[in-house]
Amino acid sequence: MKDYEHFNSRKSAIVVVRDASSRAFSEEVLVAEIKEIAKSAGFWVSEVFECTVRTPFYRYYLSRGKVEEIKRRLESLPEVGFVILSTEVTPSQQRNLENEWQRRVLTKSEVIHEIFAERAKTHEGKIRVELARLRFELSRLPGKGHVLSRTGGGIGTRGPGEQKIEVERRAIKRKIAFLVQRLEQLEKQRKVQKKLRNENKVPVVAIVGYTNAGKSTLLNTITDAAVAVKDQMFVTLDTVSRESFLPGVGKVIFSDTVGFIREMPSTIRDAFKSTLLEIKEADLILEVLDITDPQYRTHFQVINQTLNEIGVGNHPKILVLNKVDLISGQIPNLERDFLETTSSCVFVSAKKKIGIENLRREIAALLSKKMVKLILEIYPTQVQELQREIYRFGYVESVESVKNGEKIRMHCVVRRESKDYIEKKAAV
Ligand SMILES: Nc1nc2c(ncn2[C@@H]2O[C@H](COP(=O)(O)OP(=O)(O)OP(=O)(O)O)[C@@H](O)[C@H]2O)c(=O)[nH]1
(Lines give C-alpha, C1' and ligand atoms only; values in the text may rest on other atoms or scores of the structure.)
Protein backbone atom coordinates (compact mmCIF):
# COMPACT_ATOMS: atom_id res chain seq x y z
CA MET A 1 0.00 0.00 0.00
CA LYS A 2 1.35 3.39 -0.99
CA ASP A 3 1.64 6.12 1.67
CA TYR A 4 -1.22 8.09 0.17
CA GLU A 5 -3.67 5.24 -0.36
CA HIS A 6 -5.22 5.65 3.07
CA PHE A 7 -6.78 8.82 1.67
CA ASN A 8 -9.07 6.76 -0.54
CA SER A 9 -11.87 6.63 1.97
CA ARG A 10 -12.06 10.44 2.04
CA LYS A 11 -13.26 11.58 -1.31
CA SER A 12 -12.04 15.13 -1.05
CA ALA A 13 -10.25 16.30 -4.19
CA ILE A 14 -8.63 19.18 -5.96
CA VAL A 15 -9.07 19.59 -9.70
CA VAL A 16 -6.33 20.62 -12.13
CA VAL A 17 -7.48 22.14 -15.44
CA ARG A 18 -4.70 22.61 -17.98
CA ASP A 19 -4.77 25.11 -20.87
CA ALA A 20 -8.48 25.77 -20.52
CA SER A 21 -8.38 29.11 -22.30
CA SER A 22 -6.88 27.72 -25.52
CA ARG A 23 -9.72 25.28 -26.25
CA ALA A 24 -12.91 25.61 -28.26
CA PHE A 25 -15.08 25.87 -25.13
CA SER A 26 -14.73 28.60 -22.54
CA GLU A 27 -12.68 28.17 -19.40
CA GLU A 28 -15.85 28.51 -17.37
CA VAL A 29 -17.49 25.59 -19.24
CA LEU A 30 -14.49 23.30 -18.76
CA VAL A 31 -14.11 24.08 -15.07
CA ALA A 32 -17.86 23.71 -14.39
CA GLU A 33 -17.94 20.44 -16.27
CA ILE A 34 -15.02 18.74 -14.55
CA LYS A 35 -16.34 19.90 -11.16
CA GLU A 36 -19.76 18.44 -12.01
CA ILE A 37 -18.18 15.15 -13.12
CA ALA A 38 -16.13 14.96 -9.91
CA LYS A 39 -19.23 15.72 -7.84
CA SER A 40 -21.22 13.01 -9.62
CA ALA A 41 -18.51 10.49 -8.82
CA GLY A 42 -18.90 11.39 -5.14
CA PHE A 43 -15.92 13.75 -4.78
CA TRP A 44 -16.01 16.95 -2.82
CA VAL A 45 -13.91 19.47 -4.76
CA SER A 46 -12.14 21.89 -2.44
CA GLU A 47 -10.04 23.79 -4.98
CA VAL A 48 -9.53 24.19 -8.71
CA PHE A 49 -6.10 24.91 -10.19
CA GLU A 50 -6.21 26.39 -13.65
CA CYS A 51 -2.87 26.44 -15.40
CA THR A 52 -1.58 27.45 -18.77
CA VAL A 53 1.51 25.43 -19.52
CA ARG A 54 3.91 26.94 -22.06
CA THR A 55 6.75 24.49 -21.51
CA PRO A 56 5.30 21.21 -20.30
CA PHE A 57 7.72 18.83 -18.70
CA TYR A 58 7.05 15.46 -20.33
CA ARG A 59 7.64 13.66 -17.07
CA TYR A 60 4.64 15.40 -15.49
CA TYR A 61 2.50 16.80 -18.33
CA LEU A 62 2.56 20.06 -16.35
CA SER A 63 5.47 22.41 -15.90
CA ARG A 64 7.93 21.68 -13.11
CA GLY A 65 6.94 24.93 -11.39
CA LYS A 66 3.23 24.02 -11.42
CA VAL A 67 3.92 20.57 -10.01
CA GLU A 68 5.85 22.20 -7.18
CA GLU A 69 3.17 24.83 -6.54
CA ILE A 70 0.42 22.20 -6.28
CA LYS A 71 2.66 20.05 -4.10
CA ARG A 72 3.14 22.92 -1.65
CA ARG A 73 -0.59 23.63 -1.62
CA LEU A 74 -1.40 19.98 -0.99
CA GLU A 75 0.89 19.98 2.02
CA SER A 76 -1.56 22.33 3.69
CA LEU A 77 -4.60 20.30 2.59
CA PRO A 78 -4.20 16.99 4.44
CA GLU A 79 -7.90 16.15 3.99
CA VAL A 80 -7.52 16.06 0.19
CA GLY A 81 -6.95 12.50 -1.03
CA PHE A 82 -7.28 12.91 -4.80
CA VAL A 83 -6.15 15.12 -7.63
CA ILE A 84 -8.43 15.02 -10.67
CA LEU A 85 -6.96 16.09 -14.01
CA SER A 86 -9.29 17.58 -16.61
CA THR A 87 -7.51 15.82 -19.49
CA GLU A 88 -5.66 12.60 -20.16
CA VAL A 89 -2.05 11.84 -19.24
CA THR A 90 0.08 8.77 -19.88
CA PRO A 91 0.25 6.10 -17.14
CA SER A 92 3.88 7.05 -16.44
CA GLN A 93 3.04 10.77 -16.08
CA GLN A 94 0.22 9.80 -13.74
CA ARG A 95 2.58 7.72 -11.61
CA ASN A 96 5.15 10.50 -11.51
CA LEU A 97 2.53 13.01 -10.38
CA GLU A 98 1.32 10.60 -7.70
CA ASN A 99 4.86 10.22 -6.43
CA GLU A 100 5.34 13.98 -6.31
CA TRP A 101 2.02 14.85 -4.72
CA GLN A 102 1.51 11.71 -2.63
CA ARG A 103 -2.13 11.60 -3.65
CA ARG A 104 -4.16 9.41 -6.01
CA VAL A 105 -4.21 11.11 -9.41
CA LEU A 106 -7.24 10.42 -11.63
CA THR A 107 -7.92 11.55 -15.17
CA LYS A 108 -11.33 12.76 -16.35
CA SER A 109 -11.86 9.50 -18.27
CA GLU A 110 -11.12 7.43 -15.19
CA VAL A 111 -13.63 9.40 -13.15
CA ILE A 112 -16.29 8.99 -15.86
CA HIS A 113 -15.61 5.24 -16.00
CA GLU A 114 -16.05 5.16 -12.23
CA ILE A 115 -19.39 6.96 -12.47
CA PHE A 116 -20.62 4.55 -15.11
CA ALA A 117 -19.46 1.53 -13.10
CA GLU A 118 -21.38 2.73 -10.07
CA ARG A 119 -24.57 3.61 -11.91
CA ALA A 120 -25.11 0.66 -14.27
CA LYS A 121 -28.26 -1.07 -13.12
CA THR A 122 -29.21 -3.72 -15.64
CA HIS A 123 -27.15 -6.78 -16.46
CA GLU A 124 -26.53 -5.45 -19.96
CA GLY A 125 -25.52 -2.02 -18.67
CA LYS A 126 -23.02 -3.60 -16.29
CA ILE A 127 -21.46 -5.63 -19.10
CA ARG A 128 -21.17 -2.52 -21.27
CA VAL A 129 -19.44 -0.58 -18.50
CA GLU A 130 -17.08 -3.45 -17.73
CA LEU A 131 -16.21 -3.69 -21.44
CA ALA A 132 -15.50 0.03 -21.55
CA ARG A 133 -13.28 -0.23 -18.48
CA LEU A 134 -11.32 -3.20 -19.86
CA ARG A 135 -10.81 -1.50 -23.23
CA PHE A 136 -9.66 1.64 -21.46
CA GLU A 137 -7.21 -0.43 -19.40
CA LEU A 138 -5.97 -2.14 -22.55
CA SER A 139 -5.33 1.21 -24.23
CA ARG A 140 -3.19 2.29 -21.29
CA LEU A 141 -1.09 -0.87 -21.08
CA PRO A 142 1.69 0.20 -23.47
CA GLY A 143 2.44 3.19 -21.23
CA LYS A 144 2.60 0.98 -18.17
CA GLY A 145 4.96 -1.40 -19.97
CA HIS A 146 7.31 1.47 -20.64
CA VAL A 147 7.43 2.32 -16.95
CA LEU A 148 7.84 -1.22 -15.73
CA SER A 149 10.32 -2.40 -18.36
CA ARG A 150 12.81 0.18 -17.13
CA THR A 151 13.26 -2.09 -14.14
CA GLY A 152 15.03 -4.81 -16.11
CA GLY A 153 16.36 -6.07 -19.46
CA GLY A 154 18.89 -4.45 -21.73
CA ILE A 155 18.60 -2.70 -25.09
CA GLY A 156 16.66 -4.86 -27.52
CA THR A 157 15.49 -7.29 -24.87
CA ARG A 158 12.10 -7.51 -23.26
CA GLY A 159 12.16 -6.32 -19.69
CA PRO A 160 10.24 -8.20 -17.01
CA GLY A 161 7.79 -5.31 -16.93
CA GLU A 162 6.93 -5.78 -20.55
CA GLN A 163 6.52 -9.53 -20.14
CA LYS A 164 4.16 -8.91 -17.25
CA ILE A 165 2.23 -6.47 -19.42
CA GLU A 166 1.96 -9.10 -22.16
CA VAL A 167 0.39 -11.54 -19.69
CA GLU A 168 -1.98 -8.81 -18.50
CA ARG A 169 -2.88 -7.89 -22.08
CA ARG A 170 -3.80 -11.48 -22.90
CA ALA A 171 -5.94 -11.78 -19.76
CA ILE A 172 -7.82 -8.54 -20.56
CA LYS A 173 -8.37 -9.61 -24.17
CA ARG A 174 -9.80 -12.94 -23.00
CA LYS A 175 -12.23 -11.14 -20.67
CA ILE A 176 -13.21 -8.73 -23.46
CA ALA A 177 -13.91 -11.60 -25.87
CA PHE A 178 -16.09 -13.31 -23.25
CA LEU A 179 -18.10 -10.14 -22.52
CA VAL A 180 -18.53 -9.32 -26.22
CA GLN A 181 -20.01 -12.77 -26.74
CA ARG A 182 -22.37 -12.34 -23.80
CA LEU A 183 -23.44 -8.94 -25.08
CA GLU A 184 -24.15 -10.35 -28.54
CA GLN A 185 -26.51 -12.89 -26.96
CA LEU A 186 -28.30 -10.15 -25.05
CA GLU A 187 -28.54 -8.02 -28.18
CA LYS A 188 -30.12 -10.93 -30.05
CA GLN A 189 -32.78 -11.21 -27.35
CA ARG A 190 -33.39 -7.50 -27.53
CA LYS A 191 -33.77 -7.67 -31.32
CA VAL A 192 -36.53 -10.27 -30.90
CA GLN A 193 -38.35 -7.99 -28.44
CA LYS A 194 -37.90 -5.05 -30.78
CA LYS A 195 -39.23 -7.06 -33.74
CA LEU A 196 -42.38 -7.79 -31.76
CA ARG A 197 -42.68 -4.10 -30.93
CA ASN A 198 -42.15 -3.10 -34.56
CA GLU A 199 -44.81 -5.55 -35.70
CA ASN A 200 -47.16 -3.73 -33.39
CA LYS A 201 -46.02 -0.37 -34.81
CA VAL A 202 -46.16 1.46 -31.50
CA PRO A 203 -44.62 4.93 -32.00
CA VAL A 204 -41.40 5.52 -30.06
CA VAL A 205 -40.38 8.87 -28.55
CA ALA A 206 -36.70 9.06 -27.52
CA ILE A 207 -35.81 11.45 -24.70
CA VAL A 208 -32.28 12.75 -25.22
CA GLY A 209 -30.19 15.45 -23.61
CA TYR A 210 -27.17 16.43 -21.63
CA THR A 211 -26.66 14.49 -18.47
CA ASN A 212 -28.63 15.89 -15.49
CA ALA A 213 -31.01 17.86 -17.73
CA GLY A 214 -34.00 16.07 -16.24
CA LYS A 215 -34.68 13.29 -18.77
CA SER A 216 -35.60 10.64 -16.20
CA THR A 217 -37.82 13.09 -14.33
CA LEU A 218 -39.57 13.95 -17.58
CA LEU A 219 -40.07 10.27 -18.40
CA ASN A 220 -41.64 9.82 -14.97
CA THR A 221 -43.91 12.82 -15.31
CA ILE A 222 -45.02 12.03 -18.83
CA THR A 223 -45.74 8.37 -18.13
CA ASP A 224 -46.06 8.26 -14.33
CA ALA A 225 -43.22 5.73 -14.22
CA ALA A 226 -40.61 5.44 -11.48
CA VAL A 227 -37.07 5.70 -12.86
CA ALA A 228 -34.15 6.59 -10.57
CA VAL A 229 -33.74 10.37 -10.43
CA LYS A 230 -30.77 11.95 -8.69
CA ASP A 231 -29.04 15.30 -8.90
CA GLN A 232 -25.92 13.70 -10.36
CA MET A 233 -24.59 13.07 -13.83
CA PHE A 234 -25.32 9.82 -15.67
CA VAL A 235 -27.98 8.31 -13.45
CA THR A 236 -29.56 6.60 -16.45
CA LEU A 237 -27.13 4.23 -18.05
CA ASP A 238 -29.46 1.91 -19.83
CA THR A 239 -32.40 2.71 -22.00
CA VAL A 240 -35.53 2.72 -19.88
CA SER A 241 -38.81 2.54 -21.77
CA ARG A 242 -42.36 3.16 -20.59
CA GLU A 243 -45.71 3.23 -22.31
CA SER A 244 -48.26 5.99 -22.17
CA PHE A 245 -51.50 6.81 -23.96
CA LEU A 246 -51.82 9.94 -26.08
CA PRO A 247 -55.19 11.04 -27.49
CA GLY A 248 -55.13 10.97 -31.28
CA VAL A 249 -52.22 8.51 -31.31
CA GLY A 250 -52.85 5.71 -28.81
CA LYS A 251 -50.08 3.79 -27.12
CA VAL A 252 -46.68 5.51 -27.29
CA ILE A 253 -43.35 4.22 -25.98
CA PHE A 254 -41.14 6.82 -24.29
CA SER A 255 -37.46 5.88 -24.01
CA ASP A 256 -34.99 7.54 -21.67
CA THR A 257 -31.44 7.37 -23.04
CA VAL A 258 -27.94 7.67 -21.62
CA GLY A 259 -26.96 11.30 -20.90
CA PHE A 260 -24.75 13.08 -23.41
CA ILE A 261 -21.57 14.84 -22.43
CA ARG A 262 -18.81 16.66 -24.25
CA GLU A 263 -15.72 14.54 -24.90
CA MET A 264 -17.26 11.30 -23.71
CA PRO A 265 -14.35 8.81 -23.43
CA SER A 266 -14.30 6.76 -26.64
CA THR A 267 -14.44 3.49 -24.68
CA ILE A 268 -17.71 4.54 -23.04
CA ARG A 269 -19.06 5.96 -26.28
CA ASP A 270 -18.36 2.67 -28.09
CA ALA A 271 -19.85 0.60 -25.27
CA PHE A 272 -23.11 2.55 -25.39
CA LYS A 273 -23.18 3.01 -29.16
CA SER A 274 -25.99 0.53 -29.71
CA THR A 275 -28.04 2.25 -27.00
CA LEU A 276 -27.54 5.56 -28.78
CA LEU A 277 -28.31 3.97 -32.14
CA GLU A 278 -31.77 3.08 -30.85
CA ILE A 279 -32.55 6.78 -31.17
CA LYS A 280 -32.45 6.16 -34.93
CA GLU A 281 -35.58 4.08 -34.71
CA ALA A 282 -37.55 6.69 -32.80
CA ASP A 283 -40.49 8.44 -34.49
CA LEU A 284 -39.81 11.60 -32.51
CA ILE A 285 -36.97 12.99 -30.39
CA LEU A 286 -37.47 15.08 -27.26
CA GLU A 287 -34.34 17.16 -26.81
CA VAL A 288 -34.25 18.14 -23.13
CA LEU A 289 -32.24 21.16 -21.95
CA ASP A 290 -31.80 22.43 -18.41
CA ILE A 291 -32.58 26.08 -19.05
CA THR A 292 -31.17 27.11 -15.65
CA ASP A 293 -27.71 25.73 -16.43
CA PRO A 294 -25.46 28.65 -17.46
CA GLN A 295 -23.96 26.27 -20.04
CA TYR A 296 -27.21 25.28 -21.72
CA ARG A 297 -26.12 26.72 -25.06
CA THR A 298 -23.00 24.55 -25.04
CA HIS A 299 -25.15 21.56 -24.06
CA PHE A 300 -27.42 22.29 -27.01
CA GLN A 301 -24.38 22.19 -29.33
CA VAL A 302 -23.12 18.93 -27.81
CA ILE A 303 -26.53 17.24 -28.17
CA ASN A 304 -26.97 18.34 -31.78
CA GLN A 305 -23.44 17.30 -32.65
CA THR A 306 -24.08 13.85 -31.14
CA LEU A 307 -27.42 13.52 -32.92
CA ASN A 308 -25.77 14.46 -36.22
CA GLU A 309 -23.07 11.87 -35.62
CA ILE A 310 -25.68 9.17 -35.08
CA GLY A 311 -27.41 10.32 -38.27
CA VAL A 312 -30.65 11.64 -36.74
CA GLY A 313 -29.94 15.35 -37.12
CA ASN A 314 -33.04 15.72 -39.32
CA HIS A 315 -35.46 13.58 -37.31
CA PRO A 316 -38.62 15.32 -36.03
CA LYS A 317 -37.67 16.96 -32.74
CA ILE A 318 -39.25 18.92 -29.91
CA LEU A 319 -36.97 21.11 -27.86
CA VAL A 320 -38.02 20.74 -24.21
CA LEU A 321 -36.70 23.57 -22.06
CA ASN A 322 -36.84 22.15 -18.57
CA LYS A 323 -36.71 23.50 -14.99
CA VAL A 324 -38.74 26.67 -15.65
CA ASP A 325 -39.88 26.49 -12.02
CA LEU A 326 -36.40 27.74 -11.05
CA ILE A 327 -36.62 30.82 -13.24
CA SER A 328 -37.98 33.73 -11.26
CA GLY A 329 -37.56 36.50 -13.83
CA GLN A 330 -38.18 36.56 -17.53
CA ILE A 331 -37.83 33.37 -19.54
CA PRO A 332 -34.76 33.72 -21.78
CA ASN A 333 -35.21 34.70 -25.40
CA LEU A 334 -34.10 31.96 -27.72
CA GLU A 335 -32.07 32.63 -30.83
CA ARG A 336 -33.18 31.51 -34.25
CA ASP A 337 -30.55 28.73 -34.40
CA PHE A 338 -32.22 27.15 -31.38
CA LEU A 339 -35.58 27.02 -33.03
CA GLU A 340 -34.50 26.19 -36.56
CA THR A 341 -33.29 22.70 -35.71
CA THR A 342 -36.47 21.63 -33.96
CA SER A 343 -40.08 21.11 -34.95
CA SER A 344 -41.31 22.99 -31.89
CA CYS A 345 -40.21 24.26 -28.51
CA VAL A 346 -41.93 23.82 -25.15
CA PHE A 347 -41.09 25.20 -21.69
CA VAL A 348 -41.73 22.75 -18.86
CA SER A 349 -40.90 21.81 -15.33
CA ALA A 350 -40.70 18.03 -15.26
CA LYS A 351 -40.43 18.12 -11.48
CA LYS A 352 -43.30 20.51 -10.77
CA LYS A 353 -45.40 19.15 -13.65
CA ILE A 354 -45.64 22.54 -15.37
CA GLY A 355 -46.29 22.56 -19.12
CA ILE A 356 -46.54 18.77 -19.32
CA GLU A 357 -50.03 18.71 -20.83
CA ASN A 358 -48.89 21.21 -23.42
CA LEU A 359 -45.89 19.01 -24.23
CA ARG A 360 -48.10 15.92 -24.51
CA ARG A 361 -50.33 17.85 -26.93
CA GLU A 362 -47.30 18.86 -29.05
CA ILE A 363 -46.09 15.25 -29.14
CA ALA A 364 -49.56 14.01 -30.05
CA ALA A 365 -49.86 16.67 -32.78
CA LEU A 366 -46.59 15.55 -34.41
CA LEU A 367 -47.21 11.81 -34.06
CA SER A 368 -50.82 12.03 -35.19
CA LYS A 369 -49.58 13.06 -38.64
CA LYS A 370 -48.84 9.36 -39.09
CA MET A 371 -52.34 8.36 -37.96
CA VAL A 372 -55.70 8.22 -39.74
CA LYS A 373 -59.27 8.11 -38.42
CA LEU A 374 -61.44 5.24 -39.57
CA ILE A 375 -65.14 4.57 -39.17
CA LEU A 376 -65.91 0.87 -39.52
CA GLU A 377 -69.27 -0.85 -39.57
CA ILE A 378 -68.99 -4.47 -38.53
CA TYR A 379 -71.06 -7.35 -37.15
CA PRO A 380 -71.07 -7.82 -33.37
CA THR A 381 -69.27 -11.17 -33.79
CA GLN A 382 -66.28 -9.36 -35.34
CA VAL A 383 -65.84 -6.87 -32.51
CA GLN A 384 -63.43 -8.75 -30.26
CA GLU A 385 -60.98 -9.81 -32.95
CA LEU A 386 -61.02 -6.49 -34.76
CA GLN A 387 -60.44 -4.56 -31.55
CA ARG A 388 -57.38 -6.69 -30.88
CA GLU A 389 -56.00 -5.83 -34.34
CA ILE A 390 -56.81 -2.12 -33.98
CA TYR A 391 -54.93 -1.87 -30.68
CA ARG A 392 -51.78 -3.15 -32.44
CA PHE A 393 -51.82 -0.03 -34.62
CA GLY A 394 -53.77 2.53 -32.61
CA TYR A 395 -56.94 2.54 -30.55
CA VAL A 396 -60.73 2.57 -30.58
CA GLU A 397 -62.24 5.99 -29.82
CA SER A 398 -65.87 4.97 -29.48
CA VAL A 399 -68.32 2.19 -30.29
CA GLU A 400 -72.05 2.51 -31.01
CA SER A 401 -74.79 0.17 -32.00
CA VAL A 402 -76.48 0.95 -35.37
CA LYS A 403 -79.13 -0.51 -37.65
CA ASN A 404 -81.24 -1.74 -34.75
CA GLY A 405 -78.33 -3.54 -33.18
CA GLU A 406 -77.53 -5.47 -36.34
CA LYS A 407 -74.20 -3.73 -36.74
CA ILE A 408 -71.58 -1.96 -34.64
CA ARG A 409 -70.02 1.34 -35.70
CA MET A 410 -66.46 1.73 -34.53
CA HIS A 411 -64.55 5.03 -34.58
CA CYS A 412 -60.84 4.33 -34.43
CA VAL A 413 -57.42 5.88 -34.96
CA VAL A 414 -54.70 3.73 -36.58
CA ARG A 415 -51.25 4.12 -38.14
CA ARG A 416 -51.63 5.23 -41.74
CA GLU A 417 -49.77 2.22 -43.13
CA SER A 418 -52.16 -0.21 -41.40
CA LYS A 419 -55.34 1.41 -42.82
CA ASP A 420 -55.80 -1.04 -45.72
CA TYR A 421 -55.08 -4.02 -43.51
CA ILE A 422 -57.69 -2.98 -40.92
CA GLU A 423 -60.31 -2.15 -43.55
CA LYS A 424 -59.77 -5.55 -45.16
CA LYS A 425 -60.20 -7.28 -41.79
CA ALA A 426 -63.42 -5.32 -41.15
CA ALA A 427 -64.82 -6.23 -44.56
CA VAL A 428 -64.57 -9.99 -43.96
N1 LIG B 1 -36.20 22.28 -10.03
C2 LIG B 1 -36.28 21.31 -10.93
N3 LIG B 1 -35.45 20.26 -10.85
C4 LIG B 1 -35.56 19.29 -11.79
C5 LIG B 1 -36.51 19.36 -12.82
N6 LIG B 1 -36.36 18.25 -13.60
C7 LIG B 1 -35.37 17.53 -13.05
N8 LIG B 1 -34.89 18.14 -11.95
C9 LIG B 1 -33.81 17.67 -11.07
O10 LIG B 1 -32.61 17.58 -11.83
C11 LIG B 1 -31.82 16.48 -11.38
C12 LIG B 1 -31.49 15.55 -12.55
O13 LIG B 1 -32.69 14.96 -13.02
P14 LIG B 1 -32.68 13.58 -13.84
O15 LIG B 1 -34.08 13.39 -14.30
O16 LIG B 1 -32.03 12.49 -13.07
O17 LIG B 1 -31.72 13.97 -15.04
P18 LIG B 1 -31.22 13.07 -16.27
O19 LIG B 1 -31.15 13.98 -17.44
O20 LIG B 1 -32.10 11.86 -16.43
O21 LIG B 1 -29.77 12.64 -15.80
P22 LIG B 1 -28.79 11.45 -16.36
O23 LIG B 1 -29.48 10.16 -16.07
O24 LIG B 1 -27.57 11.65 -15.54
O25 LIG B 1 -28.53 11.67 -17.80
C26 LIG B 1 -32.67 15.80 -10.28
O27 LIG B 1 -32.24 16.28 -9.04
C28 LIG B 1 -34.07 16.26 -10.56
O29 LIG B 1 -34.88 16.29 -9.41
C30 LIG B 1 -37.38 20.50 -12.88
O31 LIG B 1 -38.24 20.67 -13.74
N32 LIG B 1 -37.20 21.44 -11.91
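## Burial of strand β9

A residue counts as buried here if 20 or more other C-beta atoms lie within 10 Å of its own, with C-beta atoms placed from the backbone. In this predicted model, K317, L319 and L321 point one way from β9, while I318, V320 and N322 point the other way, and all of them are buried by that criterion. Because 6 of the 6 residues of β9, which spans residues 317-322, are buried, the strand is largely enclosed by the rest of the structure.

## Strand pairing around β9

Strand β8 (residues 284-290) pairs with β9 in the parallel sense, and 6 bridges join the two; within this pairing, L319 of β9 is the bridge partner of E287. Between these strands the chain passes from β8 through helix α10 (residues 296-310) to β9, forming a β-α-β crossover that is right-handed.

Strand β10 (residues 344-347) also pairs with β9 in the parallel sense, over 4 bridges, and here C345 of β10 is the bridge partner of L319. L319 therefore belongs to a strand whose 6 residues are buried, and L319 has bridge partners in the pairing with E287 and in the pairing with C345.

## Domains and the contact between domains 2 and 3

The domain assignment divides the protein chain into domain 1 (3-116), domain 2 (120-185), domain 3 (200-368) and domain 4 (371-427). Between domain 2 and domain 3, 11 residues of the former are in contact with 7 residues of the latter. On the side of domain 2 that touches domain 3, the residues comprise 5 nonpolar, 2 polar and 4 charged.

Technical notes: Residues are numbered from 1 along each chain as its sequence is written. This is a predicted model: local features need pLDDT of at least 70, side-chain atom pairs count only at pLDDT 80 or more; totals for chains, interfaces and linings use all residues. A residue is buried if 20 or more other C-beta atoms lie within 10 Å of its own, exposed if 12 or fewer, and partly exposed in between; C-beta atoms are placed from the backbone. Two strands pair if DSSP finds at least two bridges between them. A crossover is right-handed if, with the strands pointing away from the viewer, the path from the first strand over the helix to the second runs clockwise. Domain bounds come from an automatic or database domain assignment. Two residues are in contact if their C-beta atoms, placed from the backbone, lie within 7 Å. Ala, Val, Leu, Ile, Met, Phe, Trp, Tyr, Cys and Pro count as nonpolar, Asp, Glu, Lys and Arg as charged, and the others, Gly among them, as polar.
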